[in-house]
Amino acid sequence: MNNKYRIIINALIAMLLFSACSVKQSDTKTVFYNQLIITGDVETELILDMFTDTIPFQELNMDNETFLSFNLSSLLSYYDFDEADYDVLFTSNDGIKNKLSGGFEFINLYLSSTGWNVVGTDFPSALGLKNLKSIVLIKNTSDWSDSTNIITPFENRISLTPGKMHLMDLEILNCFEGTTTKNSSTMETYAAIQVLPLNKLIPIATPAVVMTRDGGYYPMEIDGYLQLQGNRLNYVDPNKRLVLFDVVGIIEQPPVKSIMDTYHDALQFIDMNERVMVIYIDGFSYGQYNYAVATSHMPFMSDLSKAEMAVAVFVPVTNSGMAAMLTGQPPNINGIKDRNNRNPKIETIFDYLISNEKSSMLIEGNASILNLNTNTVLNPDLNNNGHTDDEVFKSAVENMNGIDYFMVHFHGLDDSGHTYGDLASETMAKLLEIDSYVEALVSLWDGMVIITSDHGMHSTETGGFHGLFIYEDMIVPYIITEGGIQE
Ligand SMILES: [Zn+2]
Ligand SMILES: [Zn+2]
């Protein structure tokens, strides 16, 4: 089966596994009256339990009664939240919500016989909510990390978090869960979930790729809802009976290509008895490509046919990008989800080549990224110029003869992007150098050539970085050309 369709089948399996809504699979917390849930923009939801927790409780005297209590500010610092980064939303069981942007040191929460309550000196008395349902932390910074982002290939459009969703106009969706019968009595069960219709954010039927935080990659047409479920957002399409848990982002109008096509295209050439060289330029964003074309920092690659855009996988870092390029599958299937993983749990193109009696080689920098079934040639920085690109180039020229699948991994652009920034003159000079290596390698190669990257790069105050669901990190160039001297 063509692997491209496997991704779609994967989405279909997700559809069949889950009921129309996610409630059955949810880990929605059951909270007892003496417990209080902290949710929203938190990595894991916290349930404060008076009787098991070690947080510093105090006694609070009010109206001649003594209550067990804790201070909000102490609680936040106890759980390592920087209170400057958050607004706090108190929600009560009767539907009232109070949002505070500071003054947390004046707030105390206390337990009465009916549940948790708020009291604050220096705050209006309406702050004093009774019978609290939850404390929702709302991140007040918008740095596009730890959020669910809606992007296009050219723009980061919307950054949503579970905390922010608590103050949006959500709808209740009653999901039919099933009919049960005992003797002559029958009942229908529904699950009520909180949702935001996606058409408020993206026109229905827009082509998109939805990605989940565990590395899932789902091409589809937009329909349905975003569900707020505790500290995460899910994609719910009741018509297709599809639920995708913990969505990290949606790319609207995505490019046709993804970096996983590095595998599919190479396989197609190999099956036609063509040799393939993959020139893998680490940390090369589509924005850098365009900038380098416009500023003449890439004379050779500029003269090739215009690069297509290709979508990277989440998390956009080297290990997961490289594994996606070598397996044709997203991280949740190939098992390489971040920098901590090295062993793909499915076959890579190298395994395919071995079973088809084709030769392969990987020309690397000074270290192996993944454990792969091929001859990996490592190239330390022998001349101590701070980069391995010159050594990688030399090694590639020496080793390319007679190899059916030849991958050459240049690391210097990524290093320079981190240190100086994605569009800095130093980084562009590095790209100019790599461009000359690419020109020489392509002219020497007898076969097809794919030039692409594992992920992009964005500017930061101190240089550059990647790893976020933003277009700078998620969209890279993808070029297919033929080897030999270019006309
Ligand atoms: Zn990389
Ligand atoms: Zn990097």
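**Exercise 1. Two domains and their contact**

Task: How far apart do the C-alpha centres of domain 1 and domain 3 lie, and which elements of domain 1 touch domain 3?

Solution.
- Step 1. The C-alpha centres of domain 1 and domain 3 lie 31 Å apart. This is a predicted model.
- Step 2. Locate the domains. Domain 1 takes in 3-26 + 143-176 + 187-252, domain 2 is 35-139, and domain 3 is 257-482.
- Step 3. Look at the contacts. On one side stand 22 residues of domain 1; on the other, 19 residues of domain 3.
- Step 4. List the elements. Four elements give two or more residues to the side of domain 1 that touches domain 3: helix H1 (3-17) and the strands E10 (148-151), E14 (207-212) and E19 (247-252).
- Step 5. Pick out the top contributor. H1 gives the most, with four residues.
- Step 6. Sort this side of domain 1 by residue type. It holds 10 nonpolar, nine polar and three charged residues.

**Exercise 2. The length of a helix**

Task: What span should helix H12 have at 1.5 Å a residue, and which of its residues are buried?

Solution.
- Step 1. Helix H12 covers residues 425-444, which is 20 residues.
- Step 2. The expected span is 1.5 Å times one less than the number of residues, so H12 should span 28 Å.
- Step 3. Compare with the model. The end C-alpha atoms of H12 are 29 Å apart, which agrees.
- Step 4. Now the burial. The buried residues of H12 are Thr427, Met428, Lys430, Leu431, Ile434, Tyr437, Val438, Leu441 and Val442.

**Exercise 3. The nonpolar cores**

Task: Where does the largest nonpolar core lie, and why?

Solution.
- Step 1. The largest nonpolar core has 105 residues. Those that touch the most other members are Val210, Ala266, Met277, Ile279, Ile349, Val408 and Leu441.
- Step 2. Find the main supplier. H12 gives the most to this core, with seven residues.
- Step 3. Check the domains. Domain 1 and domain 3 both give residues to this core, so the core lies between them.
- Step 4. Zoom in on isoleucine 279. Leaving aside neighbours within four places in sequence, isoleucine 279 is in contact with Val408, Val438, Leu441, Val449 and Ile451.
- Step 5. Look for another core. One of 25 residues lies apart from the largest; its members include Val42, Ile107, Leu132 and Leu137.

**Exercise 4. The whole protein**

Task: How many helices and strands does the protein have, and what share of its residues is buried?

Solution.
- Step 1. There are 13 helices and 29 strands.
- Step 2. Of the 487 residues, 46% are buried.
- Step 3. Add the extent. The C-alpha trace spans about 90 × 60 × 40 Å along its principal axes.

Note on methods: Residues numbered from 1 in each chain as written. Chains lettered and ligands numbered in written order. Predicted model: local features only at pLDDT ≥ 70, side-chain atom pairs only at ≥ 80, totals over all residues. Domains from an automatic or database assignment. Contact = placed C-beta atoms within 7 Å. Nonpolar A, V, L, I, M, F, W, Y, C, P; charged D, E, K, R; others polar. Buried ≥ 20, exposed ≤ 12 C-beta atoms within 10 Å, placed from the backbone. Core = buried A, V, L, I, M, F, W, Y, C linked by C-beta atoms within 7 Å.
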